[in-house]
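Welcome! Let's take a friendly look at the pockets of this protein and at the residues that line them.

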Amino acid sequence: MCMAFYIGEIMKLRREFQEAHQNGEYMEAIALGKKIYDLYRENNDCNTMEYAIDVNNLAIAFDDVCMYEKAQKYYKEAANLKREIGGECSSYSDTLNNLAITYSNMAKYQDAVTLQKQVLEIRDRLLGRGHEDYVASLYNLGNAYEDIKEYDKAIELHNKALLKGQRLNTVSKMDLADILTSLGRSYE
């Protein structure tokens, strides 16, 4: 396939994927994401950050329909490639975060805790403790500890997330409400 045609086809499919996903047409998004994935593979172009991002997006679509085994497979592929290309960058930590949440949904709670700790460390190092993604990591790690019934750690992390989140203008009221809900659940 001509390189220009292949790239143009990927861009077209990517727009269609995003539109389907935004409209909640997840099975259509999955079909489009698989076409993108297959085009990359047919053209032996599976070592770029763009490919890794598209694989991550395909995993998200599988996650949206609770197909966690498939999501896990694609998140792992995307994470490995992102780390290989960009090191422990923000995009890599975002994919690890998605994988950790998938592990929680699969009842692989200890794996989720391990990954959430790693995500928190990366975001702390790259973004600092005054960033909304750091707050989200505190919250997610708290949820992971709640899953393994370590409620004291969960409460500690949710309290930290709440205090930091209240200080930041970028953390939405809905996100603060989620933190409060998790905090209440942990106390219960």
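## The second largest pocket

In this predicted model, the second largest pocket holds about 170 Å³ of space. Its lining is made up of E132, D133, V135, A136, Y139, N140, V171, D175, D178 and I179.

Which helices should you look for here? At least two lining residues come from α7 and at least two from α9 (173-187). The biggest contribution to this second largest pocket is that of α7, which gives six residues. Sorted by class, the lining of the second largest pocket has five nonpolar residues, four charged ones and one polar one.

## The largest pocket

Now turn to the largest pocket, whose volume is about 210 Å³. Its lining counts 13 residues. To find the middle of this pocket, look for L120, Y134, L138, L157 and K160, the lining residues that lie nearest its centre.

Three helices, α6 (109-127), α7 (132-147) and α8 (151-167), each supply at least two residues of the lining of the largest pocket. Which helix gives the largest share? That is α8, with seven residues. As for class, seven residues of this lining are charged and six are nonpolar, while no polar residue takes part.

## A helix to remember

If you would like one landmark for both pockets, try α7. This helix supplies at least two lining residues to the largest pocket, and it also gives the most to the lining of the second largest pocket.

Methods
Residues are numbered from 1 along each chain as its sequence is written. This is a predicted model: local features need pLDDT of at least 70, side-chain atom pairs count only at pLDDT 80 or more; totals for chains, interfaces and linings use all residues. Side-chain values use heavy atoms; hydrogens and water are left out. On a 1 Å grid over the protein atoms alone, a cavity is a set of points where a 1.4 Å probe fits but cannot get out, and a pocket is an open set with protein on both sides within 12 Å along at least five of seven lines; lining residues have an atom within 4 Å of a point. Grid points are joined across faces, edges and corners, and a volume is the space filled by probe spheres set on the points. Helices (H or I, at least four residues) and strands (E, at least two) are DSSP runs, numbered from the N terminus. Ala, Val, Leu, Ile, Met, Phe, Trp, Tyr, Cys and Pro count as nonpolar, Asp, Glu, Lys and Arg as charged, and the others, Gly among them, as polar.
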